[in-house]
Amino acid sequence: MRKRFVSLLSCVFLLGSLGLAQSNKPAPKKMAPSDSALDRAMLQTVLDGWSTLDPADAAKFYAHGPGTFFDVSPLKYSSWEEYEAGVRKVLVDYQSIKFTLNDDAAVHFHGDVAWATSTIKEDAVRKDGKREMATLRWTAIWEKRDGKWLIVHDHTSEPLQ
Amino acid sequence: MLKRCLLWIAVSALSLSAFAQSAMSPGKKESHGAAPDKAYMQKIWDAWATLDAANAAPYYADGPNTFFDVAPLKYGSWTEYAEGVKNVLANYQRATLTVNDDAVVHPHGDLVWGTATIKEDAVLKSGKREMATFRWTVIWEKRNGKWLIVHDHTSEALQ
């Protein structure tokens, strides 16, 4: 009887301490296996989508419908549809654009939400032949919807000189 | 038999309590204190409008973080941010910064992100009036019961 009591008591402590160890785990901010699709390479893929000069190639990375998007100009867009139409008008003035994600890119996970920041190197040529080079700043908020990471807000800007 | 039964109850109770604790991980625990809203956003801008970065400091997380301001390209921590902005603010005699009605916050447990356009009405020490509309993206994390900005991005649209 005493043996059984000791072994049951051991079980109590073992289970209790296992649970305690679990509760001391840090907040779920680390990259979980299912988050692996959203990384630096994915961010560059989004920029490559924009570099084709056809916003339709970036469309699959964005949540459609109402949302706030701040681009270099104008002040703001209030949906993906507005964003796509507005940027399309800007891009017709370019013959080529290359956006490169810089090494300071970082992605932060918080369950089904993630946010990313980076500076971006822009190297573009306008249709009039003028070359345009700049470093942009990019903040993107992502939500996982139906297993897919989509940008629900982004903010791209150029610092004032 | 009764003793064994009591012991099993004790085992189950402890296991359940341990499980409940682990389910309430720090990232998901109940928030205390109101989540950031439009009024809270305005408080932050009111602090900046005092032209003293020290008044905005309580709203920002210390340590390495990325902050994009109107200029320069970026800051890598609150300390850098406060130091850089101090030099800019020294050129102003007053500023009013108003969060516009398009302000939106999106709460996700211990993380909240928000966007707004901001009306700037300022006077430089030279007497020149400066009016502009900024775009602001802000991300808060709840740390030790307090909502702190871990990233913000303020910019002016190119003309």
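Two strands are taken to pair if DSSP finds at least two bridges between them. By that criterion, strand β4 of chain A, residues 106-110, pairs with β5(A) in the antiparallel sense, over five bridges. This pairing is a convenient way into the structure, which is a predicted model with an ipTM of 0.80 and a pTM of 0.80.

Chain A contains three helices and seven strands, and the order along its sequence is α-α-β-β-α-β-β-β-β-β. Of the 161 residues in chain A, 24% are buried. Among the contacts of chain A with a separation of 6 or more, 49% involve residues 24 or more positions apart.

Strand β5(A), residues 113-126, takes part in several pairings. With β3(A), residues 94-101, the sense is antiparallel and there are seven bridges; here Tyr94(A) sits opposite Arg126(A) of β5(A). In the pairing with β4(A), the bridge partner of His110(A) is Val113(A). The hairpin formed by β4(A) and β5(A) has two residues between the strands, and Gly111(A) adopts a positive phi near 65 degrees there. On to β6(A), residues 131-145: this strand runs antiparallel to β5(A) and is joined to it by 13 bridges. Within that pairing, Glu122(A) is found opposite Ala134(A) of β6(A). The hairpin of β5(A) and β6(A) has four residues between the strands, with Gly129(A) at a positive phi near 95 degrees.

The helices labelled α2 can be described chain by chain. In chain A, α2 covers residues 40-51, and its twelve residues reach 17 Å from the first C-alpha to the last, close to the 16 Å expected at 1.5 Å a residue. The buried residues of α2(A) are Leu43(A), Val46(A), Leu47(A), Trp50(A) and Ser51(A). These residues lie on the same side of α2(A) because they cover an arc of only 150 degrees around the axis. Their cover includes β3 and β5 of chain A. After the helix comes Leu53(A), with a positive phi near 70 degrees.

In chain B, helix α2 spans residues 38-49; it has twelve residues and reaches 16 Å from its first C-alpha to its last, close to the expected 16 Å. Met41(B), Ile44(B), Trp45(B) and Ala49(B) are the buried residues in α2(B). Viewed down the helix axis, the buried residues of α2(B) fall within an arc of 145 degrees, and therefore line one face. They pack against α3 (53-56), β3 (92-99) and β5 (111-124) of chain B. Leu51(B) follows α2(B) and has a positive phi, near 70 degrees.

Residues of both chains appear in the largest nonpolar core, which has 52 residues. Those with the most contacts inside this core are Ala114(A), Trp115(A) and Trp142(A), together with Trp113(B), Ile139(B), Trp140(B) and Ile149(B). Leaving aside residues up to four places away in sequence, Trp113(B) touches Trp115(A) and Ile141(A), as well as His106(B), Val138(B) and Ile139(B).

Some backbone details are also worth a look. A cis peptide bond, with omega about -5 degrees, joins Ser73(A) and Pro74(A); Pro74(A) is located in the loop between β1 (66-70) and β2 (77-79) of chain A. In chain B, the peptide bond from Ala71(B) to Pro72(B) is cis, with omega near -5 degrees, and Pro72(B) belongs to the loop between β1 (64-68) and β2 (75-77) of that chain.

Positive phi values also occur in the loops between β6 and β7. Asp146(A), in the loop between β6 and β7 (148-157) of chain A, has a phi near 50 degrees although it is a residue other than glycine. Because it has 5 C-beta neighbours inside 10 Å, Asp146(A) counts as exposed. In chain B, Asn144(B) lies in the loop between β6 (129-143) and β7 (146-156), and its phi is positive, about 50 degrees, although it is not a glycine. Asn144(B) likewise counts as exposed, because it has 5 C-beta neighbours inside 10 Å.

A word on confidence completes the description. Chain B has a mean pLDDT of 85, and 79% of its residues reach 70 or more. Over residues 5-32 of chain B, however, the pLDDT is below 50, and this stretch has 39 contacts in the model beyond near neighbours in sequence. Where pLDDT is low, predicted coordinates should not be read in detail.

How values were computed
Residues are numbered from 1 along each chain as its sequence is written. Chains are lettered from A and ligands numbered from 1 in the order in which they are written. This is a predicted model: local features need pLDDT of at least 70, side-chain atom pairs count only at pLDDT 80 or more; totals for chains, interfaces and linings use all residues. A residue is buried if 20 or more other C-beta atoms lie within 10 Å of its own, exposed if 12 or fewer, and partly exposed in between; C-beta atoms are placed from the backbone. Two residues are in contact if their C-beta atoms, placed from the backbone, lie within 7 Å. A nonpolar core is a set of buried Ala, Val, Leu, Ile, Met, Phe, Trp, Tyr and Cys residues joined through C-beta atoms within 7 Å. pLDDT is the predictor's confidence in each residue, from 0 to 100. The expected span of a helix is 1.5 Å times one less than its number of residues. The arc is that of the directions from the helix axis to the C-beta atoms.
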